[in-house]
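Let's take a walk through this structure together. Have the sequence and the 3D view open, and we'll go from one chain to the place where two chains meet.

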Amino acid sequence: MSDRFTNNHEHNPHAHVIHAPGRRLLNSVKLKFVWSKVKGHSVRAANANLNLTAYIDFLLVTVIFLLTTFNASGQISVDESIKLPFAENAEDVIDAPMVAVNGVSVYVDGDPVDSTRAIEDMGKMAKLDKLFVLLKNRRENWKTLQPDKPFPGVVILQIDENVPAIVVKSVFQTAAYAGYPNVSFMVQKKGSGE
Amino acid sequence: MGGVDVGGGSGKRAMNADVNLIPFIDLLLVTVAFLLITAVWVTNSRINANAQIPGPPNPEIVVVPQTPEKVLNVAIGAEEFVLTWKQGAVVAAETKVPKPTSKSGEAPKYADLAKVFETEWKTHGSHKDPADMKIDQAIIHSDNRLPFKEIVAVLDALYSPKREMKLGNKTEMLPVFNMTFSIR
């Protein structure tokens with residue numbers, strides 16, 4: 001038994017004893033060609049290390065760029081039938097009722113409310129009665145819910161770029177009569193979607 | 001794999017430490033994917049207009065008559081823009097700007113008109129002091145069949161000149177004009 005813990009274990013080949021390693025294979029050979037043969041004749045080593053620094057730099061720059069350009073204020077859905085005009089000198093969109101005009105119908109926050117066909121046929125300005133009633137009710141509801149605050153009176157018009165001026169003026173004036181004097185036109189910021 | 005080589009080699013423990021960068025790259029990739037998905041590529045903005053209906057808000061309050069301010073009237077014609085400064089019914093100045101023809105399918109842009117608006121405001125504008133909170137008024141006169149994109153192009157030119165305005169403690173650059181439509 002004491003044999004297991006000594007270097008003298010020549011009689012027991014299964015003894016599990018940790019001992020100092022002996023001589024390495026070919027270690028004593030000083031010849032260069034022998035070592036070249038061992039390493040694989042100067043062929044590319046099988047163990048390749050990929051340099052990830054450049055890749056991480058690229059990812060970091062992308063993350064920083066996306067974070068700086070992130071802006072949630074313009075994320076407002078516009079109806080597919082409406083193509084907004086372009087403008088440079090525009091401000092950020094604010095939270096307000098959205099009135100969309102696509103040349104045929106008028107929508108308030110996505111729900112169809114009125115038609116503009118009659119105004120185009122008549123060729124003169126007219127008040128859109130259904131739109132007027134809806135906006136007026138909304139204003140009264142807002143005032144009932146928040147009696148202490150002054151009413152901002154802001155409405156945003158999403159109007160297709162080919163809608164004639166007569167329709168634009170009619171919707172504009174209807175909103176003003178309904179108590180929304182601060183009318184804004186939604187546009188696409190030049191350079192963002194051209 | 002990134003590592004830190006601190007030399008050594010003769011010690012008992014290896015001094016060459018490898019930092020596992022895979023979770024870091026995973027995190028970066030997930031962040032890039034999230035930001036790309038939530039990014040807004042077409043940003044919408046707004047152009048301000050004003051539809052203040054003339055007259056006092058409360059009919060019981062007697063309004064002291066004041067001298068009318070100079071107002072810029074912008075008439076969008078077929079071939080030219082006519083800019084008229086009016087004080088009440090009196091015409092103070094009139095300028096005509098030729099209308100450039102824009103190619104079909106291309107968004108109209110009136111860069112020359114924007115320059116004229118700036119010089120007109122510098123000559124005739126009433127509100128130039130940064131402490132002055134009022135803005136010069138512009139009234140747009142247009143043909144009933146004029147497409148909306150042309151109105152917006154004129155508004156874009158109208159809002160191009162800006163001036164300093166004190167808002168509380170900070171000073172901001174704001175457009176010199178505020179527009180409304182003429183009602184006929």
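We'll look at how chain A is put together, and then at how chain B touches it. Keep in mind as you go that this is a predicted model.

Start with chain A by itself. You can pick out five helices and seven strands in it. If you trace chain A along its sequence, the order goes α-α-β-β-β-β-β-α-α-β-α-β. Now think about who touches whom inside the chain. Taking the contacts in chain A with a separation of 6 or more, 64% link residues that sit 24 or more positions apart. And how much of chain A is buried? Of its 194 residues, 24% are.

Next, bring in chain B. Here 43 residues of chain B make contact with 54 residues of chain A. Which parts of chain B are involved? The elements α1 (22-38), β3 (44-48) and α3 (148-158) of chain B each put at least two residues into the side that touches chain A. The biggest giver is α1(B), with seven residues. Sort that side of chain B by class and you get 27 nonpolar residues, eleven polar ones and five charged ones.

Finally, zoom in on one spot where the chains meet strand to strand. Strand β7 of chain A, covering residues 182-189, is joined to β3(B) by five bridges, and the two strands run antiparallel. So where should you point your cursor? Try A:Gln188, which stands opposite B:Asn44 in β3(B). That brings us back to β3, one of the elements of chain B that supply at least two residues to the side touching chain A.

Conventions. Residues are numbered from 1 along each chain as its sequence is written. Chains are lettered from A and ligands numbered from 1 in the order in which they are written. This is a predicted model: local features need pLDDT of at least 70, side-chain atom pairs count only at pLDDT 80 or more; totals for chains, interfaces and linings use all residues. Two residues are in contact if their C-beta atoms, placed from the backbone, lie within 7 Å. Helices (H or I, at least four residues) and strands (E, at least two) are DSSP runs, numbered from the N terminus. Ala, Val, Leu, Ile, Met, Phe, Trp, Tyr, Cys and Pro count as nonpolar, Asp, Glu, Lys and Arg as charged, and the others, Gly among them, as polar. Two strands pair if DSSP finds at least two bridges between them. A residue is buried if 20 or more other C-beta atoms lie within 10 Å of its own, exposed if 12 or fewer, and partly exposed in between; C-beta atoms are placed from the backbone.
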